[in-house]
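Let's take a walk through this one together. Have the structure open and turn it as you read.

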Amino acid sequence: MTFAQVLTPPSVGWIAIAPEIVLGVGAALILLFDVQYKPKRTHLGLATAAIVATAFAFAIVQYDRVQTLSQATADQAADFVATAFPFDAMIVLDANAVFGRFAMLLVTGLGLAAGWRLFERLGARAAEGLALMLLSATGFMFMASSTHLMMVFLGLEVGSIALYVLAGITRERTESDEAAIKYFLLGSVASAVFIYGVALTYAGSGSMNLLEIQGVLARNIFTRPAVLLIGIALMVVGMGFKVSAAPFHSWAPDVYQGAPGGIVGYMAAAAKIGGFAALIRILFTAFPDFISTWGPLVAGIAALSMLLGSTVALVQDDIRRMLGYSGVAHAGFILTGVVAGGAGTGEVWFYLGVYTVQLVGAFGVVAAVTGAATSGAGIDAFRGLSKRAPFLAATFTVLLLGMAGLPLTSGFVAKFGVFTEAWQAGYEWLVIVAVLASVIAFFFYLRVIVAMYMEEPVDEAVAPPGISVRASLALASLITIVIGIVPGPLLSLAGEASPL
Amino acid sequence: MLTALILVPAVAAVVVMLLPSDRKELALPVGFALSFVPLAIAGYLFFEFETGVAGYQFTQKAVWYEPWGISWNLGVDGISLGLVALSVILIPIALAASTTITDRTKEFVVFTLLLEAGLIGSFLALDLFLFFVFFEAVLVPMYFIIGIWGSERRIYAAMKFFIFTAFGSAFLLASIVALSVFHNRQFGSPSFDLLELMSLDLTLDQSRWLFAGFGIAFAIKVPVFPLHTWLPDAHVQAPTAGSVLLAGVMLKLGTYGLLRFNLNLFPQAAVDAVPIIAGLAVIGIIYGAVVAIVQPDLKKLVAYSSVSHLGFIVLGTAALTSAGFQGAVIQNVNHGLTTGALFLLVGMIYERRHTKKIEDFGGLAKVMPIFAGLFLFTAFASIGLPGLNGFVGEFLVLIGSFPSIPVFATIAAFGVILAAIYLLWAYERVFTGIPDKPENQKLTDLNAREIGLMVPLVVLMLVLGLYPKILLDRTAASTEALLDRVEQATTYEVPEQGRLADVFAGEGDE
């Protein structure tokens, strides 16, 4: 072996995990630099933003690569397999993974900007918080890009454990500790359920690679169907926990209420993206032929989530809890698109993308009004906000109307998309449930708007939000409106995002 | 041209929004001035509109998102033309009537202009997706107008208004989704184009369900009895401009939707549903009128009179005859003018006396003769005195519905008498006699601005009453085409029309 050969790295397709590498290494560097040089927090924040931006740039490169791959001819097949399925087909480089990264990185950037005041408050622990944020993003991005159930699980754990710690990062407050421990306990149970599902799937199909599973199932009529079906169901349940779908949602409102205000938006959005990305990948790649089996299960969870989330949100007096329950309802809406199978991937991704942006923005407003390092956000704090802080009130209104799914916002297009897919797939009843749930949901979104615009202000000055908060909120509202009017480009982009 | 008609108010709203916030007094004049641009465009359209052409005119179509089959698809025909004209006329009037709004004036003007854009968009949209977008989007500005600038129980009223309508829209949305999926199954691509969807082959069951889905949405908007309960609350609490636009234009979205979508898309279901719709319409006519008689509150009286008048429009739609359709279309415009004027007048007296209770007034004709005169004139127009616009519409509806649904038509005719009772009795209590209450004695009569507001409306009432041809000519071809559509798609046959109809439909004016 010559020296040159030793130096030449083996062709392992680093590009397929380049964004994850950037985030992971970036997180480590931030921690090291913080110990060694004690940099200013502003510099740490800018460095984190730069890391996220770099990862995003790599994701764009990947997108370009995927485009090229999709036009690969037959004689390039070997090349295609090597590039698209590197690391012994543990990882896949496809549009689904890339779109997951886009969404995840956008949410990370927005979440960082919107919750910046929290990191300022954290003092010496700011670097830890930033590193944890990057690590959780790494984990959830792996969930979107792995084709192996073990990798999915690793991604899930990396992401989730970082989030458990973030939930309790303001550890001097008991509410924060409580939220963290609740999240940790329930999240661990969910992980356990998921891994049990993985085990049973392995028992039923003989593989943990999603593509192989699909092949095995397609070739054989039945290999221990009961075990396999239980395995699928348990994996769905595990992911249901992560995306806070009913009846596995009970942690969400508590955690959203207790965790520090600046990070909740990111936590909620990241877990949803990761969970749905993995769910789509597992169900659509490995079990597309079992859609008649898991379809009704998912539809049932969807219906329950929408109805329960919307109705319970009505009686919440805490905006964060309300957004938590509304998140349950939104998980249901997204699952409405999932029941359509592979055909609905684009609509599901579109919904996820626009909703998570709204979610981060909305929690950004909540943090700006009631504090980034505190728990809870009573509706009283929002009374007359339009007079005290017109900018915050206006952006919150746009974001809430977007979540409510009013036309000319991205939320409407998203809802319309998943409803159409569900109807197309024959789930007419689910669409009826969904539209009724959206009407119920109008109540509590409007309630906040009523408080902000139509009620007398309370004597509580709102500290003017910083430039990063303003920018992120403006961006989130702008995305909500622009995508609502011109949904075409994003819809086409998301439409490509079906898993290989 | 039509795109401009929608975009100009939207752009005007942005312009007003960007006005410096320390020059609050600018918002209203600027908004008012800008609202003349759509008026001019619509005026041009109105006179350029080719009479005798059944199809959509000035059409514009641009692909919005190809895979979903949605497009920016606009067009105007005889059914929508009058409503567009009505919207652009009422908006400047509503703005000019809002000089008393001092709190957050800028936002008020912005919301009003956005409302205009949404309303015009709804009337022009020929793509169901686009229509739904506008139909639902108009809720937001109106919700804020009621909720921020309304009176004491405004929040309750705004919420009720929003939820009722949104509830109806949910069914509309599900039905539109269903239609596009059916189109996809039959033709291989989804579509929301009204003309393309008309060629769908629906089973009777499908078309009945979808008819119901569309119907509920529009019935709530109209509102058809028993879904009307949100209307009196919304009207009573809304500021004057809000009431004017709500009654004048927004409710017409419902009657327009029934005519445009329910009849075109589901003709057989529509024919089958005639007894139900006509029945509810007649109940609305009588119920609204009877309840209006006993209202102690002037504004509530006008609100209930709306329920009654709108019943006539629905009845004309259900009549499935040429005269009925014509009556419905023209009554849409008439009701917007007269009820809008009545709400303006109630608003003017409220600004002076800060009460709307009929019993607080008395003998106002002595202190405010101009006001009394205008009120009486408008009341006559609303009752349907021959020579004024209300007569043309309600008379056409009645003679149109008599051949096809005689029983309903006969009962509905009593609505006209009841209208005379509640309006004239209210007039008597408010205006006649001697002004015995001291607060009423020093009331000032209308000023030049207020008279200026009423003049265009009064002139239009007179013009449409004496020379309805100006509107009927433009609507005739479209309503005929709609009737043909219903006849061709079903076994329904239009009954022989009475000769009286020729008086209005033909050349021979009175």
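How many salt bridges does the rule count over all chains? The count comes to 18, where a salt bridge is a side-chain nitrogen of Lys or Arg within 4 Å of a carboxyl oxygen of Asp or Glu. Before we look at some of them, a word on the ground rules. This is a predicted model, with local features needing pLDDT of at least 70 and side-chain atom pairs counting only at pLDDT 80 or more, while totals for chains, interfaces and linings use all residues. Residues are numbered from 1 along each chain as its sequence is written, chains are lettered from A and ligands numbered from 1 in the order in which they are written, and side-chain values use heavy atoms, with hydrogens and water left out.

Start in chain A with A:Arg281 and A:Asp94, whose side chains meet in a salt bridge at 2.7 Å, N to O. A:Arg281 sits in helix α14 (residues 261-286) of chain A and A:Asp94 in the loop between α5 (86-89) and α6 (95-114) of chain A, so this pair ties together parts that are 187 residues apart in sequence. Helices here are DSSP runs of H or I with at least four residues, strands are runs of E with at least two, and both are numbered from the N terminus. A:Arg281 is buried, at 0% relative accessible area, and A:Asp94 is buried at 1%. For the cut-offs, buried means under 20% relative accessible area, exposed means over 50%, and partly exposed is in between, using a 1.4 Å probe and protein chains only.

Next come A:Asp254 and A:Arg321, joined by a salt bridge at 2.9 Å, N to O. This pair links helix α13 of chain A, home of A:Asp254, to helix α16 of chain A, home of A:Arg321, 67 residues apart. A:Asp254 is partly exposed at 22%, whereas A:Arg321 counts as buried at 18%. Both belong to a network of salt bridges that also takes in A:Glu178 and A:Lys182.

Now for an acid that goes without. A:Asp318, in the loop between α15 (291-314) and α16 (319-338) of chain A, is buried yet has no salt bridge. The nearest side chain of opposite charge, A:Arg320, is 5.4 Å away; for this purpose Lys and Arg count as positive and Asp and Glu as negative, with His and the chain ends not counted. What the side chain of A:Asp318 does reach is the backbone nitrogen of A:Arg320, at 2.8 Å. Leaving aside residues up to four places away in sequence, A:Asp318 touches A:Gln257, A:Gly376, A:Ala377 and A:Gly378, contact being heavy atoms within 4.5 Å.

Over in chain B, look at helix α8 (residues 154-187). At 1.5 Å a residue, its 34 residues should span 50 Å, and the end C-alpha atoms are 48 Å apart, which agrees; the expected span is 1.5 Å times one less than the number of residues. Of those 34 residues, 26 are buried. After α8(B) comes B:Gly188, with a positive phi near 85°.

Where do the two chains meet? Here, 35 residues of chain B are in contact with 37 residues of chain A. Together the chains bury about 3,300 Å², 79% of it on carbon and sulfur atoms; buried area is the accessible area (1.4 Å probe) that two parts lose on being put together, summed over both. The rule finds zero salt bridges across this interface. On the chain B side, β1 (57-65), α6 (128-137), α7 (139-149) and α8 each supply at least two residues, and α8(B) gives the most, with 19 residues.

Strand β1 of chain B has another link worth a look. B:Lys61 forms a salt bridge with B:Asp193, the closest N and O atoms being 2.8 Å apart. B:Asp193 lies in the loop between α8 and α9 (194-197) of chain B and B:Lys61 in strand β1, so the pair ties together parts 132 residues apart in sequence. B:Asp193 counts as buried at 7%, but B:Lys61 is exposed at 52%.

Finally, some backbone oddities. Most residues other than glycine have a negative phi, and most peptide bonds are trans. B:Phe58, also in strand β1 of chain B, has a positive phi of about 55°. A cis peptide bond joins A:Ala246 and A:Pro247, with omega about 0°, and another joins B:Phe225 and B:Pro226, with omega about 5°.

Methods:
A polar contact is a pair of N or O atoms within 3.5 Å; within protein, one must be able to donate a hydrogen and the other to accept it, and residues adjacent in sequence count only if both atoms are side-chain atoms.
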